[in-house]
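Colleague: Please take a close look at one part of this model for me, the contact between the chains. I would like a connected account of who contributes to it and what lies around it.

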Amino acid sequence: MDQRERFYDLLPKLLGDDDRLVAVLAEIGAAYLNVTGIDPGPVADRVINVGIREQLLVGVAGGLALTGLRPIVHTFAPFLIERPFEQVKLDLGHQDVGAVLVSAGGSYDWPEGGETHMGPRDVALLDTLDGWTVHVPGHPDEAESLLRAAAHADGRVYVRLSADSNAHPHAGEDGRMAVLRRGSRGTVVAVGPMADRTLAATEGLDVTVLYAATVRPFDAETLRATLTEPDVVLVEPYLRDTSTPEVDRALQDVRHRVLGLGVGPSELRRYGSRADHDALRGLDEPGLRRSITSFLAESG
Amino acid sequence: MTPTTTLGYDDLPGLMTLMTGDEKHGASATSTLDAIWVLYDRVLRPGHDRFLLSKGHGPMAYYAVLAAKGHLTEDDLRGFGGPDSILGHHPDRTLVPGVEIGAGSLGHGLGLAVGTALGRRLRGSDARTVVLLGDAELEEGSNAEAIQYAGRAGLGGLTAVVIDNSSASLGWPGGIAQRFTVEGWSASDVDGRDHDALERALTERGDSPHVVVAHVERKDS
C-alpha cells in the first residue's frame, strides 16, 4: 500500500474517530473510497465531493472550518495548491481558520501525464503564506502518523503524499529532523522520499545525513546542533532551493555554503517513468552523488 | 455579542457620514443598505443565523448597520480606514466584532457560505446562512462552482442575496435569477429598496437554496 492508498484506507477511520473531521474531495479519491471495500459507511455524510470544482473545494473547507469543523481536503497537488491558490490564501489563511490539505501525485508521480499533472511548486507557494505546517512523509507509516497528528491539530497543515517511499520509516513524531548518519565534512538534509537514495549517494562520504519529514517549521535547531563543516546540501523532492532560505536563516551567523537539489523549474516536455525523470533531473543516486561530491570538493 | 444600543433605519445615513464625511451618499454606497438593514432588523436570529458579506467592497452600509445594532461604536466608525481602526475598506473578520468573513477579493463569499451551510447542516442546526454578492461580483467563475454545487446538494439552509445595480459590464442576458434556478435554486426578484418585499423574500424557506435578486438603481445613476 503506497502513501496515497494508506490515506484512503485511513480516512474513514479518522472520520469515525472524530466527528469534528470532514473530508472534502473534488472527485479525486471519491471513486476509490466507494469501490474498494473501504466505503465510508456511517461517516458518509462527512465525505463531501464537490465534483471537479477546486475553487469551491477550498472555499467549502474554509466555510466548514468557520463552523468549528476540521476539513481534510484532498486532490492532486497542482489542483490543490496552484489552481485555487487564492482560496488557500484567503478562505483559509485570511479567515484565520485551520484545515488539513492532503495532496497526492508528488512532483512527478505520473510522468506519462506530463506537465499538467506535475506538482513541484506546492511547498514553495505555501512558503509565501503565513502559518502553514508542511509534512513530506517518506513512508506510508510516516504518512499515517503525520495524517493522524494533522487531523488532531487545529492549524493549517499540508501533507504531501508521494508514490515514492523509503524502505523503512525514519521520522519521529515530534517534527524534528532525525540523524541518519554522522560525519565531519558537511551536512546533507534529505527530505521525505529522498532519504534512501541520499544515503546511498553519500555512502563512503564523511558527511552527516539528516532526515526531515516535516519541513515547515524547519528544524533549524537540529541543523545547528549537528553542524560540522558549514556546508549544507538540501535534497528535496519538490522545487529545488525551496528550503535554501530556511538554511540561510538557520545559519545566519555562520559563514556557510548551501547547495539546493530538487526539481528544476524548467519544463522538460518528456514523458517516461519516475526513474526516467529522476535521472533526467539529476535526482537518482548517481546524479545526487555527482552533485554532492562536486559541491564538497569545492569547499575551502 | 449582545447589542448595547439600537438605532433605527433613519440613523444609518448619519452613521455613514461618520465614515465618509459626506452628507450625501450615492447609489453605489447605499446599494446594499436596505437589504442588509432588513436582514439585521427583521430576518437574522442573533447568535444563530450567519450573514456573510461577500461583496466586501464599499462596506460603509454594512458597518452602519452593525453600529446601529450595537456591534460597533460611533468612534469605531470615525476611525474608518485609519491605521489604528478595526474598520478597513474591506472588512476583516478577525478585527471586527460581528463580521463573519474577511472579504474584498470578489468571488469568495459564496463558496465560504456553502461550506458554512454544510457545516451547520452536518451539526443538525436549522440556522440560515445568508451571503450577499453584487451583480458584477457574480462574474467571477468561482460563483458558478458554488451555485452548481449548492443546488445539487439541496442546501436549504443557504440564502444568497444578489444586489443588482447593473454594474456587470457585460450584463446578464435573461436575468440573474435564472443562473440559479437552472441549477436547482428557488428565486425571488424584488425591489431592493422595498423592506416588506425584501423581508418576504429573505424569509422564504424550502428544501433548496434560495436566491434573492434585489434590484436597485443603476450604479452610475
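Modeller: The contact takes 25 residues from chain A and 22 residues from chain B, two residues being in contact if their C-beta atoms, placed from the backbone, lie within 7 Å. The model is a predicted one, in which local features need pLDDT of at least 70 and side-chain atom pairs count only at pLDDT 80 or more, whereas totals for chains, interfaces and linings use all residues. Residues are numbered from 1 along each chain as its sequence is written, and chains are lettered from A and ligands numbered from 1 in the order in which they are written.

On the side of chain A that touches chain B, the elements giving two or more residues are α3 (54–66) and α5 (85–94) of chain A; helices here are DSSP runs of H or I of at least four residues, and strands are runs of E of at least two, both numbered from the N terminus. The most is given by α3(A), with 9 residues. By type, that side of chain A divides into 10 nonpolar, 9 polar and 6 charged residues, where Ala, Val, Leu, Ile, Met, Phe, Trp, Tyr, Cys and Pro count as nonpolar, Asp, Glu, Lys and Arg as charged, and the others, Gly among them, as polar.

As for α3(A) itself, the helix has 13 residues and reaches 19 Å from its first C-alpha to its last, close to the 18 Å expected at 1.5 Å a residue, that expected span being 1.5 Å times one less than the number of residues. Because 13 of its 13 residues are buried, α3(A) is largely enclosed by the rest of the structure; buried means that 20 or more other C-beta atoms lie within 10 Å of a residue's own, exposed that 12 or fewer do, and partly exposed in between. After α3(A) comes A:G68, with a positive phi near 95°.

From chain B, B:V114 touches A:L56, A:G59, A:V60 and A:G63, and within chain B its partners include B:A146, B:Y149 and B:L158, when residues up to four places away in sequence are not counted. Together with A:V24 and A:V73, B:V114 touches the most other members of the largest nonpolar core, which has 149 residues; such a core is a set of buried Ala, Val, Leu, Ile, Met, Phe, Trp, Tyr and Cys residues joined through C-beta atoms within 7 Å.

Beyond α5 of chain A, the loop between α5 and β4 (99–104) holds A:D96, which has a positive phi of about 60° although it is not a glycine. With 15 other C-beta atoms within 10 Å, A:D96 is partly exposed.
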